[in-house]
Amino acid sequence: MEHKNEYAVVTGGTSGIGYELAKLLAKDGYNLIISARNVDDLEKISKELKQTYHVEVLVISKDLFDPENAFALYNEIKEKGIQVDILINDQVRVSTVCSPTRISGKN
Ligand SMILES: NC(=O)c1ccc[n+]([C@@H]2O[C@H](COP(=O)([O-])OP(=O)(O)OC[C@H]3O[C@@H](n4cnc5c(N)ncnc54)[C@H](OP(=O)(O)O)[C@@H]3O)[C@@H](O)[C@H]2O)c1
């Protein structure tokens, strides 16, 4: 597996579609930032993905139904100096400022 020095953010990354996409991204060598509300689930999935795919996995617990928390998530990632290459926004209830998109800082 090729390790990329790139990050993907997956909201709702602890269950269902988000979890499956997180695994595919990790398998392709992306480092991950996964977000959901339940801290125990985040820690469990983070450990599993690190052990299985040997990528970096950061976790950020936020309730993204609150638009303020979407900004807080953005700011936490920015403060870590991480450039996000892929955003998969998959949590169940989407706030108005957090619509599904894919972003890339590279051409
Ligand atoms: N499954 C399907 O067949 C299907 C089909 C079409 C569309 N969809 C849509 O695809 C999306 C994901 O579906 P799924 O079946 O994969 O869902 P799921 O298994 O219930 O997973 C939901 C994920 O989102 C997180 N989440 C839920 N509410 C959140 C909130 N307020 N803030 C932050 N994270 C939150 C959950 O973790 P926490 O609970 O810890 O926050 C979990 O990681 C949904 O929007 C669903 O409507 C699903």
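What follows is a walk through the fold, the ligand shell and a few single residues of a predicted model.

Start with the overall layout. The protein chain has three helices and four strands, and from the N terminus on these elements run β-α-β-α-β-α-β. Of the 107 residues in the chain, 32% are buried. Contacts reach well along the sequence: among those joining residues at least 6 apart, 59% link residues at least 24 apart. As for confidence, the protein chain averages a pLDDT of 88, and 84% of the residues score at least 70. The weak spot is residues 96–107, where pLDDT stays under 50. The model has 18 contacts beyond four places in sequence for that stretch. Where pLDDT is low, the predicted coordinates should not be read in detail.

Now the sheet. The four strands make an open sheet, lined up as E3-E2-E1-E4, with parallel pairing. Strand E3 (57–61) and strand E4 (84–89) are the edges, each pairing on one side only. On average, neighbouring strands of this sheet are turned by 15° against each other, direction ignored. Strand E2 (residues 31–36) pairs with E3 in the parallel sense over five bridges, and along this pairing Ile-34 stands opposite Val-59 in E3. Two helices can be placed against this sheet. Helix H1 (residues 16–27) packs on the sheet and touches strand E1 (7–11), E2 and E4; the direction of H1 makes about 170° with that of E1. Helix H2 (residues 39–53) also packs on the sheet, touching E2 and E3, and its direction makes about 170° with that of E3.

Strand E1 deserves its own look. E1 pairs with E2 in the parallel sense over five bridges, and here Ala-8 stands opposite Leu-32 in E2. Five of the five residues of E1 are buried, so the strand is largely enclosed by the rest of the structure. Tyr-7, Val-9 and Thr-11 point one way from E1, while Ala-8 and Val-10 point the other way, and all are buried.

One E1 residue also leads across to the edge strand E4. The C-alpha atoms of Val-9 and Asn-89 are separated by 7.9 Å, although the two residues are 80 apart along the chain. Asn-89 lies in strand E4. With 19 other C-beta atoms within 10 Å, Asn-89 counts as partly exposed; the cut-off for buried is 20 or more.

Just ahead of E1 sits Glu-6, in the segment before that strand. Glu-6 is partly exposed, because it has 18 C-beta neighbours inside 10 Å. Leaving out residues up to four places away in sequence, Glu-6 touches Tyr-30, Asn-31 and Asp-85. For Tyr-30, the sequence separation from Glu-6 is 24 residues, yet the C-alpha to C-alpha distance is 5.6 Å.

Over in helix H2, Glu-48 is partly exposed as well, with 15 other C-beta atoms within 10 Å. Glu-48 and Lys-23 are 25 residues apart in sequence, and their C-alpha atoms are 9.6 Å apart in space.

Past H2, the backbone does something worth a second glance at His-54, which is found in the loop between H2 and E3. Most residues other than glycine have a negative phi. His-54 has a positive phi of about 55° although it is not a glycine. His-54 is exposed, because just 11 other C-beta atoms lie within 10 Å, where 12 or fewer is the cut-off for that class.

That leaves the ligand. There are 20 residues around it, and the closest are Gly-12, Gly-16, Ala-36, Arg-37 and Asn-38. Helix H1 supplies the largest share of this shell, three residues. Sorted by class, the shell around the ligand contains five nonpolar, nine polar and six charged residues.

Definitions and conventions
Residues numbered from 1 in each chain as written. Predicted model: local features only at pLDDT ≥ 70, side-chain atom pairs only at ≥ 80, totals over all residues. Pairing = 2+ DSSP bridges. Axes fitted to C-alpha atoms, helices over the stretch in contact; angles between N-to-C directions. Contact = placed C-beta atoms within 7 Å. Near = placed C-beta within 6 Å. Nonpolar A, V, L, I, M, F, W, Y, C, P; charged D, E, K, R; others polar. pLDDT = per-residue confidence, 0-100.
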